[in-house]
Amino acid sequence: MTKDSEPETSESLKTFGAVLKALRDEAGLTQEQFAPRVRYSATYVAKMEQGRRFPPKELIPRTEEVLGAPAARVLGAAYRTLTRKVGLASWFLRWAGIEEEAVSLLAYECRAIPGLLQPEPYIRALFERRLPPVTEEQVEREVTARLDRQHLLTERPSTAFSFIIEQAVLERHLGGPEVTRASIDHLLEVGRQRNVEIQLMPLCQEEHSGVDGHMYLAETPDHQWVGYTEGQRSSSLIVAPKDVSVLLQRYGRLRAEALDCGATVSLLKQMRGAL
């Protein structure tokens, strides 16, 4: 996704993480032992304990199964104290956790190259043009955070990733020809992975189901689908089944309307040669 960075950790998330860690330690369980029992990865548990991920609501009943009712009541009380309206931070932390655990991840982008596919020169070009301007330290921190998230593509080889990107995003030449060349090379390289599909939506396309804007969809380990969208300094997690169904229908149609993977590779090479 194109979110500018992993947001600052809120104090309430830190507190929740400390409570979760204390309860786990009291039970004599390591993160590696606790994680599969609550059906999350050890990495995800670690980030929740660090206050870097918004805990899913399913964590509380799963914790009761492992640690017992008293521990679950304590954790539930901590969950209720979490800050609910901390702007981009809470929504993105929740989505980032869903993204890390997803068994399928779908993305349609019409604004910029999806964050999981951005090479470092493109990331820097984005952040160096941020308004209001950010410091060099902020740029470095955010570049590092985004590159760290991209490990999902290689660390989760059984997750199916599908990306549909508007050709216009690359034709914009953000950052100049060299950045665009690096971006195309990166797309070609990542697209060779067996679990990654990349499709371009051509500039001229009479049938187009993405006129309502970008969308992200994730299938959870429980095979539930969740949607996510972003706007100007706002974002939304979409969980209502009827709304998620609409996004899935639209994404399915977009897949049929976009160039297939082979034609996408041909177009990318053509675009690169024209730079």
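Reader: Happy to be looking at this one with you! Which residues line the largest cavity?

Author: Good place to start, and please keep in mind that this is a predicted model. A search of the whole structure finds 1 cavity of 30 Å³ or more, and about 40 Å³ of space lies in the largest cavity. Its lining is made up of Ile113, Tyr122, Val169, Leu170, His173, Leu174, Val179, Thr180 and Ser183.

Reader: Which element gives the largest share of the lining of the largest cavity?

Author: Two elements give two or more residues to this lining, helix H10 (167-171) and helix H11 (177-190). By class, the lining of the largest cavity divides into 6 nonpolar, 3 polar and no charged residues. The largest share, 3 residues, comes from H11.

Reader: Thanks! Now to the second largest pocket: which residues are the closest to its centre?

Author: The second largest pocket has a volume of about 610 Å³. It is lined by 25 residues, and the closest to the centre are Pro56, Glu58, Ile98, Thr220 and Val226.

Reader: How many charged residues does the lining of the second largest pocket have, and which element supplies the largest share of that lining?

Author: Sorted by class, the lining of this pocket has 15 nonpolar and 3 polar residues, with 7 charged ones. Helix H6 (88-101) and strand S5 (225-231) each supply at least two lining residues. The largest share, 5 residues, comes from H6.

Reader: At the bench I always ask about cysteines. How many disulfides does the structure hold?

Author: Let's check the sulfur atoms, which would have to lie within 2.5 Å of each other to count as a disulfide. For Cys110, the closest cysteine sulfur is in Cys204, 17 Å away and so too far for a bond. The sulfur of Cys261 has its closest cysteine sulfur in Cys110, at 19 Å, which is again too far. The number of disulfides in the structure is 0.

Reader: Is Cys261 buried, partly exposed or exposed?

Author: Cys110 makes a helpful companion here: its relative accessibility is 31%, so it counts as partly exposed. Cys261 has a relative accessible area of 32%, and therefore this residue is also classed as partly exposed.

Reader: On to the aromatic rings. Is the pair of Phe16 and Tyr79 stacked or edge-to-face?

Author: A search of the whole structure finds 5 aromatic pairs. In one of them, the ring centres of Phe16 and Tyr79 are 6.2 Å apart and the planes stand at 70 degrees; because planes over 60 degrees apart count this way, the pair is edge-to-face.

Reader: How many residues apart are Phe16 and Tyr79 along the chain, and which cluster do they belong to?

Author: Phe16 sits in helix H1 (residues 11-26) and Tyr79 in helix H5 (residues 69-80), so this pair links distant parts of the chain, 63 residues apart. Both Phe16 and Tyr79 are buried. Ring pairs make a cluster of Phe16, Tyr79 and Phe54.

Reader: And how are the rings of Phe161 and Phe163 arranged, stacked or edge-to-face?

Author: Both residues are buried, Phe161 with a relative accessible area of 3% and Phe163 at 1%. Their ring centres are 6.4 Å apart and their planes lie at 0 degrees, so the pair is stacked.

Reader: Last one! Which residue stands opposite Glu166 in S3?

Author: Strand S2 (residues 160-166) is mostly covered, with 6 of its 7 residues buried. S2 pairs in the parallel sense over 6 bridges with strand S1 (residues 104-109), where Leu105 has Phe161 as its bridge partner. S2 and strand S3 (residues 196-201) also pair in the parallel sense over 6 bridges. There, the residue opposite Glu166 is Met201.

Notes: Residues are numbered from 1 along each chain as its sequence is written. This is a predicted model: local features need pLDDT of at least 70, side-chain atom pairs count only at pLDDT 80 or more; totals for chains, interfaces and linings use all residues. Side-chain values use heavy atoms; hydrogens and water are left out. Buried means under 20% relative accessible area, exposed over 50%, partly exposed in between (1.4 Å probe, protein chains only). Rings of Phe, Tyr and Trp (its six-membered ring) pair if their centres lie within 6.5 Å; planes under 30 degrees apart count as stacked, over 60 as edge-to-face and the rest as tilted. Helices (H or I, at least four residues) and strands (E, at least two) are DSSP runs, numbered from the N terminus. On a 1 Å grid over the protein atoms alone, a cavity is a set of points where a 1.4 Å probe fits but cannot get out, and a pocket is an open set with protein on both sides within 12 Å along at least five of seven lines; lining residues have an atom within 4 Å of a point. Grid points are joined across faces, edges and corners, and a volume is the space filled by probe spheres set on the points. Ala, Val, Leu, Ile, Met, Phe, Trp, Tyr, Cys and Pro count as nonpolar, Asp, Glu, Lys and Arg as charged, and the others, Gly among them, as polar. Two strands pair if DSSP finds at least two bridges between them.
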